[in-house]
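I sat down with this chain today and went through it piece by piece. Here is what I looked up, in the order I looked.

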Amino acid sequence: NKGPTISDQLKLHPFKSVIESEEVKTGNPTEIQDGTRGFGMCAVHTTHADLYTRLWCVHEVEHALKMKVKVLAAVSKKYSEDQIKRVNLIKENNGSGKDCLEAAGTTVNTIRARC
């Protein structure tokens, strides 16, 4: 047996089931700075993949925000270093703030997201 197909798995709404769970929304007894509780979700940015080019990632973040689930971000050390280098390069060449964000790849254009 190879297990359920992807289609069968998606019918179970796996992400929705997790993001709408009480543990994610209220499980952490420690309040965060904004006064919310819950474990929430963490969007991890790395140099290996752009989180916002994956359609499922975009959908998951959007759904979490719609459900008022706390969404935090984390970055790898290399990702952070690369972003700083790009921004500094643009600043050294008199680029605008918008140019810095674009060069660092921090602008989000969800229309480009793919499955």
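**Contacts first**

I began with contacts, meaning heavy atoms within 4.5 Å. Taking those in the chain between residues at least 6 apart in sequence, 56% join residues at least 24 apart.

Note to self on the source: this is a predicted model, where local features need pLDDT of at least 70, side-chain atom pairs count only at pLDDT 80 or more, and totals for chains, interfaces and linings use all residues. Residues are numbered from 1 along each chain as its sequence is written, and side-chain values use heavy atoms, with hydrogens and water left out.

**Layout**

I counted 6 helices and 2 strands. These are DSSP runs numbered from the N terminus, helices being H or I with at least four residues and strands E with at least two. Along the sequence I read α-α-α-β-α-β-α-α.

**Inside**

How much of the chain is buried? I get 19% of the 115 residues. Buried is under 20% relative accessible area, exposed is over 50%, and partly exposed is in between (1.4 Å probe, protein chains only).

Next I pulled up the largest nonpolar core, and it has 7 residues: Phe15, Ile19, Val24, Met41, Val61, Ala64 and Val69. Helix 2 (14-19) and helix 4 (55-66) each supply at least two residues of this core. A nonpolar core here is a set of buried Ala, Val, Leu, Ile, Met, Phe, Trp, Tyr and Cys residues joined through side-chain atoms within 4.5 Å.

I also checked Gln83, which sits in helix 5 (residues 77-92). Gln83 counts as buried because its relative accessibility is 10%. Its side chain makes a polar contact of 2.8 Å with the side chain of Arg86. That term covers a pair of N or O atoms within 3.5 Å; within protein, one must be able to donate a hydrogen and the other to accept it, and residues adjacent in sequence count only if both atoms are side-chain atoms.

**Outside**

The chain exposes about 8,700 Å², with carbon and sulfur atoms supplying 56% of that. Accessible areas come from the Shrake-Rupley method with a 1.4 Å probe; for residues, only the protein chains shown count as cover.

I looked up Leu10 in helix 1 (residues 6-10). Leu10 is partly exposed, since its relative accessible area is 39%.

Last came Arg112, in the segment after helix 6 (97-104). Arg112 is exposed because its relative accessible area is 56%. From Arg54, Arg112 is 58 residues away in sequence and 8.7 Å away in space, C-alpha to C-alpha.
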